[in-house]
Structures are given as C-alpha cells and as structure tokens.
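Visitor: I'd like a close look at one part of this protein: its empty spaces. Please start with the open ones.

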Amino acid sequence: IFLYILGFVKYQICWPITWSTDGTFLWHLWNHIPMDNMNKTLAVHALTTLALCYLPGVLAGWLQIYRGTKYSRFPDWLDNWLKMRKQLGLLMLFAASIHACLSVAYMSPTYHGLVYGDPVEASAYVMEGEGWGPKTESLNRTTIKVFGTEKMKWRGECFLMTGVFGFALVVLLGITSLPSVTATMSWKEFAFVQSGLGWTALIFLCAHNMFYGWPYMNGPSCGIPSSFQYALYIPFLTILMKLPMVLPPLSTHLARIRAGYVRTDTQKHSKQEESV
C-alpha cells in the first residue's frame with residue numbers, strides 16, 4: 001500500500017503539475033492508475049519481498065559469527081522473521097506472477113520502447129476527428145514512429161532474458177516449497193534450490209531492473225527517487241552483506257560454526273554463566 005501511494009503521489013499528483021507547459025493539470029496521466037501504476041508497484045514489491053526472504057538468514061549468519069557459536073538463541077524478532085520466510089516467498093511469487101502477466105498484456109512501444117529497438121520515423125497524413133464521428137485527413141503531415149523494422153539492442157535483450165530467467169527460478173522456488181515436493185528431496189537438494197538458485201534469482205531480477213531503469217536510476221522527480229532506484233535498496237543491502245560470507249576466510253569460519261564449532265571465549269563465557 002505504501003509503495004502504491006508513493007507512486008500515486010509521484011505519477012498522478014506531482015507529474016501532472018510539473019510536466020504541464022500551460023499551467024493546466026494533466027488529467028490524462030490518471031488513465032494509468034488501474035494498470036500501469038499497479039504493475040510498477042508490484043515489480044518493486046516483488047523484488048523487495050524476495051530480498052526480505054534472504055536478509056534474515058544473512059543477519060543470522062553475522063550474529064553467529066559475532067557470538068562464535070550456533071547454539072545461542074536468536075532474538076525473538078529475528079526468530080519470527082526466519083519462520084515467516086516461506087509466507088514472504090509465496091507473497092513475492094504472487095506479486096511477481098501478476099507483474100509478469102500485466103507486463104505481457106500491455107507490452108507495446110508506448111510502454112516499453114526499449115524492447116522494440118530503435119523506431120523509424122515517417123511523415124504521413126493522419127485521420128482526425130472527435131469520438132465516434134467521421135474522420136478527416138489532417139491538413140499537415142505528422143511525424144510517426146514505426147517500430148519493428150530493427151531488432152532490439154543488447155539492453156533490451158538482457159532486460160527480457162534476466163526477467164524471464166529470474167521469474168522461472170522464482171517459480172521453481174515456489175514449487176519446491178510445497179510439502180509434497182520437499183518430502184521427496186534430500187537436504188542438500190533443498191538447500192541448493194532454496195539458497196543457491198534463490199540468490200541467483202535475486203541477482204537476475206536486480207539485473208532485470210537495472211537493464212531497463214539505468215538511464216532513470218539517478219533521476220529523482222518531485223523529491224522522490226526513481227522507482228528503479230528504491231527497488232534496489234534492500235536487495236543491494238542483502239547482497240552486500242552476503243558477499244563476505246561466501247568468500248574465505250569468513251565462509252570457512254562460518255561453516256565451522258554451523259558444524260558445531262564454538263569459539264574459546266564463548267565457551268569460557270558460557271561456563272562462567274553456568275557457575276553463577
């Protein structure tokens with residue numbers, strides 16, 4: 001709801017005022033409230049929620065490194081967050097599925113010009129008229145853009161492929177979270193899908209966002225950052241916190257802790273507490 005309200009304030013209140021050249025309110029931008037606004041909101045929501053599925057695991061890893069043991073209880077807020085990751089994942093899959101369907105439904109050069117490559121400009125007479133009445137040919141030529149004469153650029157292809165692969169991996173995560181499917185998998189297989197493929201999906205979807213939104217990334221309007229930018233705040237934080245944990249020597253140390261190793265000073269502290 002917050003993301004939708006943020007987009008509404010920007011697209012339907014601020015832009016109609018700041019984009020107007022003659023001082024009139026641009027009411028035609030309100031035509032995009034039902035679908036375009038919702039699709040943009042769902043895209044940000046899905047990417048943010050996917051990152052929130054993996055952020056608690058990263059925080060738990062850093063806490064284990066700090067404490068030097070896996071036997072110390074997590075704080076209640078983190079423990080509850082870890083337990084609700086499956087529900088967050090299903091919510092993310094729901095938002096991503098609607099975003100994918102809507103994107104395919106209204107994909108056109110007017111909405112996604114990047115996907116259709118460079119247009120060819122042509123000059124032609126257009127038919128003019130109001131409502132259902134008869135149309136008449138315009139007196140002056142109008143420049144129109146013709147799409148489809150050239151293939152898309154590399155950015156367009158990367159934008160589509162990262163989105164398709166990312167969504168496919170997200171669907172795979174959702175399928176493997178079903179109890180009937182989980183019961184047929186070993187722990188290593190389940191960990192590979194939920195962790196390895198899950199992080200891959202997060203990286204793919206961040207790239208999907210950046211390939212399309214890079215030109216608008218640092219272009220705030222009305223004092224509000226671009227949606228392509230604030231959609232990456234939590235995912236980038238999650239990835240940056242995860243990177244040191246997958247590189248030696250920290251990765252080796254964390255693996256030892258999760259295998260049962262307890263740091264010496266932690267053992268002494270535990271014995272002192274027991275003696276007291």
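Guide: On a 1 Å grid over the protein atoms alone, a pocket is an open set of points with protein on both sides within 12 Å along at least five of seven lines, and lining residues have an atom within 4 Å of a point. Points join across faces, edges and corners, and the volume is what probe spheres set on them fill. Quick housekeeping: this is a predicted model, where local features need pLDDT of at least 70, side-chain atom pairs count only at pLDDT 80 or more, and totals for chains, interfaces and linings use all residues. Residues are numbered from 1 along each chain as its sequence is written, and side-chain values use heavy atoms, leaving out hydrogens and water.

Let's go to the second largest pocket, which holds about 1,100 Å³ of space. It has 30 lining residues, and Tyr54, Arg85, Ala191, Gln194 and Ser195 are the closest to its centre. Two or more lining residues come from each of α2, α4, α5, α7 and α10 (250-258); helices here are DSSP runs (H or I, at least four residues), numbered from the N terminus. The biggest giver is α2, with 7 residues. Sorted by class, this lining has 19 nonpolar, 7 polar and 4 charged residues. Ala, Val, Leu, Ile, Met, Phe, Trp, Tyr, Cys and Pro count as nonpolar, Asp, Glu, Lys and Arg as charged, and the rest, Gly among them, as polar. By that sorting, Arg85 at the centre counts as charged, while Gln194 and Ser195 count as polar.

Now for the largest pocket, with a volume of about 1,400 Å³. Of its 46 lining residues, Lys40, Tyr106, His112, Tyr212 and Phe228 lie closest to the centre. At least two lining residues each come from α1, α2, α4, α5, α7 and α8. Here too α2 gives the most, this time 9 residues. The class split is 27 nonpolar, 16 polar and 3 charged.

Last stop: a closed space. A cavity is a set of grid points where a 1.4 Å probe fits but cannot get out, and this structure holds 1 cavity of 30 Å³ or more. The volume of the largest cavity is about 50 Å³. Its lining is made of Leu3, Gly7, Tyr11, Lys40, Thr41, Val44, Ser227 and Tyr230, with α1 (2-18), α2 and α8 (227-230) each giving two or more of them. That makes 4 nonpolar, 3 polar and 1 charged, and the charged one is Lys40. You've met Lys40 already, among the residues closest to the centre of the largest pocket.
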